[in-house]
Structures are given as structure tokens and as C-alpha cells.
Amino acid sequence: MTDESVPAPPGPRYVADEIILYGIDLNDTNGVAHLDVGLVNKADLQVKLDAGIVAGYTVLAYGYAFEGHCYRLDSTRIFVITGPLAEDAKGCGFDKDLGYKMWRITASEQILEISTAFGDAKTLILDSQLPGKRSPSSYAITLRMAHRNGRLTNE
């Protein structure tokens with residue numbers, strides 16, 4: 001009997017900031033990932049990493065393990081990962097021979113997240129800019145100076 005909350009065992013050497021990402025490889029045999037983004041006529045978005053000898057994967061991620069604990073992502077996310085080779089998934093409930101893979105990356109590894117949203121322009125552009133829906137960095141940052149008996153300095 002295995003516990004689904006136990007992550008995969010460490011690799012051949014211990015890495016302190018290792019993250020084990022669990023998901024499926026979306027690449028076909030030619031290294032191209034096909035994403036149905038909801039366009040008409042069954043059009044798809046194709047993602048291909050053309051990096052020569054660097055291994056690259058387009059990963060549909062479901063969860064990850066870090067420091068001996070398993071976590072599920074709130075929704076599936078798509079990442080492009082280069083470098084580590086995919087391994088058959090072990091641990092965290094993904095080792096049931098359902099086609100899941102795992103990638104051992106470090107916290108400082110550079111990866112790319114692909115976010116897809118399909119909708120009308122009003123929803124994707126106008127409604128997303130309403131107050132409360134924008135990212136905090138998009139709001140204007142203003143500095144207001146407090147009254148100090150008519151002085152503008154701390155002297």
C-alpha cells in the first residue's frame with residue numbers, strides 16, 4: 001500500500017531546492033505540442049522548441065513536490081521546460097501507469113508558462129482592466145507628502 005502524499009524518492013544525488021513537477025508531455029513525436037485554443041475550423045496553436053541539442057518539453061502540469069510534500073495546482077498549467085529529461089512518474093499519486101511523467105528541476109530553473117484564454121475582446125481586454133481585476137503593478141503609484149509645519153524636508 002502506498003501513500004499518495006509521498007513524493008518520488010530523490011535522484012542519484014540530493015539537490016536542496018529540487019522541485020519535482022508532475023504532468024504529461026504534450027509534444028508529439030516531432031517535438032511539437034498542439035493546443036486547441038478554441039478558434040474556428042479546429043485550428044490549433046503549435047508550440048515547438050527549436051533549440052538544437054537541448055531537450056525541451058511542453059508540459060501540462062497537475063502538481064509538484066517540494067521538500068518532501070506533494071501539492072496539487074489549482075488548475076492545470078502549461079510550461080515549457082528545457083534541460084532535465086522526463087522520467088516515469090513516481091509518488092504523489094501519479095505513479096499509476098496513466099502516462100504521467102515527472103521532471104526534476106531546481107527552484108532557480110528558467111521555465112516558460114503558456115497561458116491561454118479565449119473570449120471576446122470585451123472580456124479579455126476591457127473587463128480585465130476593471131479595478132480589482134488588474135495586477136497590482138498596473139496601478140499608478142503616487143507619493144503624497146505629509147504636512148510638516150510647512151516644511152518639505154526633514155531638517
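**Three loop residues**

C92 is found in the loop that connects β6 (87-88) with β7 (101-106); here strands (E, at least two residues) are DSSP runs, numbered from the N terminus. This is a predicted model, in which local features need pLDDT of at least 70, side-chain atom pairs count only at pLDDT 80 or more, and totals for chains, interfaces and linings use all residues. Residues are numbered from 1 along each chain as its sequence is written, and side-chain values use heavy atoms, with hydrogens and water left out.

Although C92 is not a glycine, its phi is positive, at about 55°. C92 has a relative accessible area of 0% and is therefore buried, a term that means under 20% relative accessible area, whereas exposed means over 50% (1.4 Å probe, protein chains only).

A positive phi also occurs at E67, which is not a glycine either; the value is about 50°. E67 belongs to the loop between β4 (56-66) and β5 (69-82). Because its relative accessible area is 59%, E67 is exposed.

The remaining residue, N27, is located in the loop between β1 (18-25) and β2 (32-35). N27 counts as buried because its relative accessibility is 16%. Leaving aside residues up to four places away in sequence, N27 is in contact with V32, A33, G56, Y57 and T58, where contact means heavy atoms within 4.5 Å.

Two of these neighbours also appear in the details of the N27 side chain. This side chain reaches the backbone oxygen of G56 at 3.2 Å. The side chain of N27 also forms a polar contact with the side chain of T58, at 3.1 Å. A polar contact is a pair of N or O atoms within 3.5 Å; within protein, one must be able to donate a hydrogen and the other to accept it, and residues adjacent in sequence count only if both atoms are side-chain atoms.

Technical notes:
Helices (H or I, at least four residues) and strands (E, at least two) are DSSP runs, numbered from the N terminus.
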